[in-house]
Amino acid sequence: FSKTPDKTLIFIGNWGKSQYGQEMKDKYEDFPNIKILPAIYDLKELNVLRSNCEIYLHGHSAGGTNPSLVEAMFFEKPIIAFDCIYNRESTESKAAYFDSSENLVKIISNLDSSALVTNAHNMFEIANRRYRWEVIARQYEALY
């Protein structure tokens, strides 16, 4: 996003948890199109941001099915996710994926409105089919 000044990024993170996080905050907080926010744990506040975003950018690269990715899928917004097996599995390989800053810039610069609509619809459909509590509860009951 530092290379795409016509796009705005709201970046939420635990900046003070590591030296690297603090360095990233210091490096990017002065860009006018990058808004650095501290970690937000209030789900209502997160949902306001998610429901009003144009695109949800998911940068996590490890840890299995990530709750923040699944939660974002329910808002029927296009998702661009870091390219790793966990994110591909969670989104059934139907999101847009990046593996470098150069690749992310390319994706952001070439966003097509019809592709975004399809991406958003796919994320919502997957979330409703796989990640609703009723579905998950049935899967656990089947294991018993």
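**Asn-87, helix H5 and the overall fold**

In the predicted model, Asn-87 lies in helix H4, which comprises residues 85-90. The relative accessibility of Asn-87 is 2%, and the residue therefore counts as buried, the limit for this class being under 20%. When residues up to four places away in sequence are set aside, the contacts of Asn-87 are with His-58, His-60, Leu-69, Ala-81, Phe-82 and Tyr-97.

The loop between H4 and E5 holds two residues with notable backbone angles. Glu-92, which is found in this loop, has a phi near 55°, a positive value in a residue other than glycine. Ser-93 belongs to the loop between H4 and E5 as well, and its phi is also positive, at about 60°, although Ser-93 is not a glycine. With a relative accessibility of 26%, Glu-92 counts as partly exposed. Ser-93 is likewise partly exposed, its relative accessible area being 43%.

Helix H5 spans residues 101-109, and its buried residues include Leu-104, Ile-107 and Ile-108. These residues cover an arc of only 95° around the axis and therefore lie on the same side of H5. On the other side of the helix, Glu-102, Lys-106 and Ser-109 are exposed. The cover over the buried residues of H5 includes three strands, namely E3 (56-58), E4 (79-82) and E5 (96-98). Two of these strands also contribute to the surroundings of Asn-87: His-58 falls within the range of E3, and Ala-81 and Phe-82 fall within that of E4. Tyr-97, a further contact of Asn-87, falls within the range of E5.

At the level of the whole chain, seven helices and five strands are present. From the N terminus on, these elements follow the order β-α-β-α-β-α-β-α-β-α-α-α. The radius of gyration is 16 Å, which agrees with the value near 15 Å for a compact globule of 144 residues. The C-alpha trace spans about 50 × 35 × 25 Å along its principal axes. Among contacts between residues at least 6 apart in sequence, 58% join residues at least 24 apart.

Of the 144 residues, 32% count as buried. The accessible surface of the chain amounts to about 9200 Å², and carbon and sulfur atoms account for 56% of this area. The chain carries 16 positive and 19 negative side chains, with the centres of the two sets 2 Å apart.

Technical notes. Residues numbered from 1 in each chain as written. Predicted model: local features only at pLDDT ≥ 70, side-chain atom pairs only at ≥ 80, totals over all residues. Heavy atoms only, no water. Helix = DSSP H or I, 4+ residues; strand = E, 2+ residues; numbered from the N terminus. Buried < 20%, exposed > 50% of the residue type's maximum accessible area, 1.4 Å probe, protein only. Contact = heavy atoms within 4.5 Å. Rg over C-alpha atoms; globule rule 2.2 N^0.38 Å. Areas by Shrake-Rupley, 256 points an atom, 1.4 Å probe, with all protein chains shown as cover. Lys, Arg positive; Asp, Glu negative; His and termini not counted. Charge placed at Lys NZ, Arg CZ, Asp CG, Glu CD. Arc of directions from axis to C-beta.
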